[in-house]
Amino acid sequence: MLSWLWQFVKLYKTRLAIAIVALICTSALTLSLGQGIRLMIDNGFAAQSYDGLAAALKITLLIIVGLAIGAYFRFYMVSWIGERVVADIRRQLYGRLLKLPPSFFEDNLAGEIQSRVTTDTTLLQTVIGSSFSFALRNTLTFLGGMTLMFVSNVKLSLVVLTVVPFIVFPLIIVGRKVKRLSKDSQDKVAHVGAWAGESLQHIKVVQAFTREDLVKQQFADGAESAFQTALRRIRYRAFLIALVMIMVMGAVTVMLYIGETDVLAGNLSAGDLSAFVFYAIMVAGSLAAVTEVYGEVQRAAGAAERIRELIATEPEIESPQAPEQVDFGRAEPLIAIANLTFSYPSRPNHQALDGLNLTIQRGERVALVGPSGSGKSTLFDLLLRFRQPQVGNIKIHGTDIKQLDLVSLRDLYALVPQQPVLFSANVVENIRFGKPGASQAEVEAAAKAAYAHDFIVDLPQGYQSFLGEQGVKLSGGQRQRLAIARAILADPKILLLDEATSALDAQSEHLVQQALDELMKHRTTLIIAHRLATVAHVDRIAVLEHGKLVDVGTHQSLLQSSPLYKRLADLQFQSHQA
Ligand SMILES: Nc1ncnc2c1ncn2[C@@H]1O[C@H](COP(=O)(O)OP(=O)(O)OP(=O)(O)O)[C@@H](O)[C@H]1O
């Protein structure tokens, strides 16, 4: 963990150096307080001298002022490094997450990943920003105090020293256990958090099915199990603290007894004994403090491990080292799909796409139809290179998309998904997602083209209106028109349209259809068509079944040539008439 953290900390070497100097100074000054005490007792009390007392007090005061200044720098610098490093780690972690393909997020719960970004990094921050420095300071005090103890009295020091192994060994053993338990406990908390996030997000379904009690119970079970794991960890730590306490205090008492006997026998001055006791208390205190933060450092080590794992996750799909450029002047078709075969890793024996061939010319509108599960959405994923086909390829004007930079490939497309995706931001920000630098005028033009302008200006704050999480404050049709406005603003070469099946009312559907027509104007479009109303507008229809392309043609020709298409068409007309 340390070497991993070091790569982040080493960027701030100057501050680290100041922090370490301050740390050493404060530890040294803390220990030198013992000499102040010795002077006060021997030169003041024992010598019955007011002057001696005043001189000793002055020295003590000076030490205290130095200590305060040192503490200021130590705290400031160490906390600064802690906050800075954690911000850097968060940024790197989030940057990595954004590069991972969608399949990663199918296998890992979003809430759990979120907890890595927030909870785990916060834990790291406490450790880097305070516990580390605390531990280091106390270690220095421990070592310095030990040295001074030996210098001033070997016999008494040995008494204190005998207990050290009894503290250190249990510390190491219990520490390992705590580390493991803390990883478990963090995992469980993350899981509970993910569950809570999901159920709250879908609160309507939960409440409509009146399953509040069920999800409450599931959450409670999760929280309870996290608590039980935490409890086991706490028991270990409590035991450790008690053990250290009894060992340390016991040793101090025995040492006091021996030391006082020596003072009574005249072998030791009262000041020396006081200074020694001061050191011993410092040493004991710092040892106890180290044991206490040791557990926390172990916990952070668990957190660091999880973050490190996530940052180290390599995306399966990356841009090639030397990407090629698409030559739009070339005669080859805009999109050429050849022998495309793909199975999802979780279902290796089931081919979601099976030897698919299809070419699409520039400006063409092609509809994909087929029964549910025939591979239409999977084809979109492969076009966008969210997934890697096992066999076959896709070429854009003759260049395999594997040879293209991912950003320039995806910039060719705009995706309008079945469920419009809106972010918890205002209208302008949501539309501008299609083209980040767009001016207000461009945004409004896109909204007008998408037949969204009128309803937007009717919103309480017009274009500045906040839409709520996932756009909950809009109707389904309005959300779709915003998503279309976003795609119009993006002005892509190729439009991937997963047409909404959701039952919009006739008026709203008409508006959405008009918006879509605007969007598809002069643009190569691939539509996953769920309604025949759409199919009427396209140049060609590709019929898919079980991942295979079974026929291509127009509505009329397919009614003759494709029994499957005829069946789908009949079904739609029947339900239409009904
Ligand atoms: N993430 C996934 N992991 C495993 N299998 C998947 C995954 N997504 C889809 N599939 C499977 O791949 C096949 C094709 O699914 P796909 O979503 O492409 O169909 P579709 O034609 O878009 O269906 P629909 O019209 O219902 O949206 C289906 O058998 C489906 O169960």
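In this predicted model, helix H5 (residues 110-152) packs against helix H10 (residues 270-312) with the two axes 6 Å apart and at an angle of about 155°. Because angles over 145 degrees count as roughly antiparallel, H5 is described as roughly antiparallel to H10. The crossing of this pair, H5 and H10, is left-handed, and the residues that form the contact of H5 with H10 comprise 25 nonpolar, nine polar and six charged residues.

A second pair of packed helices is formed by helix H2 (residues 13-46) and helix H3 (residues 50-99), whose axes come within 8 Å and cross at roughly 160°. H2 and H3 are therefore roughly antiparallel to each other, and the crossing of H2 and H3 is left-handed. In the contact of H2 with H3, the residues divide into 22 that are nonpolar, ten that are polar and two that are charged.

A further pair consists of helix H6 (residues 154-162) and helix H9 (residues 212-264), which pack with their axes 9 Å apart and at an angle of about 160°. This angle makes H6 roughly antiparallel to H9, while the crossing in which H6 passes H9 is right-handed.

With regard to the chain as a whole, 20 helices and ten strands are found. The radius of gyration of the chain is 35 Å, which is well over the 25 Å that the globule rule gives for 578 residues, and the chain is therefore more spread out than a compact globule. Along the principal axes, the C-alpha trace of the chain spans about 120 × 50 × 50 Å.

The chain is divided into domain 1, which covers residues 2-312, domain 2, which is assembled from the segments 323-412, 494-504 and 523-578, and domain 3, which covers residues 420-491. Between the C-alpha centres of domain 1 and domain 3 there is a distance of 50 Å.

The surroundings of the ligand were examined next. The shell around the ligand holds 13 residues, of which Tyr344, Ser372, Lys376, Ser377 and Thr378 come nearest. Helix H11 (residues 376-383) contributes three residues to this shell, which is the largest share. In terms of residue character, the shell around the ligand is made up of two nonpolar, eight polar and three charged residues.

Technical notes: Residues numbered from 1 in each chain as written. Predicted model: local features only at pLDDT ≥ 70, side-chain atom pairs only at ≥ 80, totals over all residues. Near = placed C-beta within 6 Å. Helix = DSSP H or I, 4+ residues; strand = E, 2+ residues; numbered from the N terminus. Nonpolar A, V, L, I, M, F, W, Y, C, P; charged D, E, K, R; others polar. Domains from an automatic or database assignment. Axes fitted to C-alpha atoms, helices over the stretch in contact; angles between N-to-C directions. Parallel < 35°, antiparallel > 145°, perpendicular 65-115°, else oblique. Left-handed = near helix turned anticlockwise from the far one by under 90°. Rg over C-alpha atoms; globule rule 2.2 N^0.38 Å.
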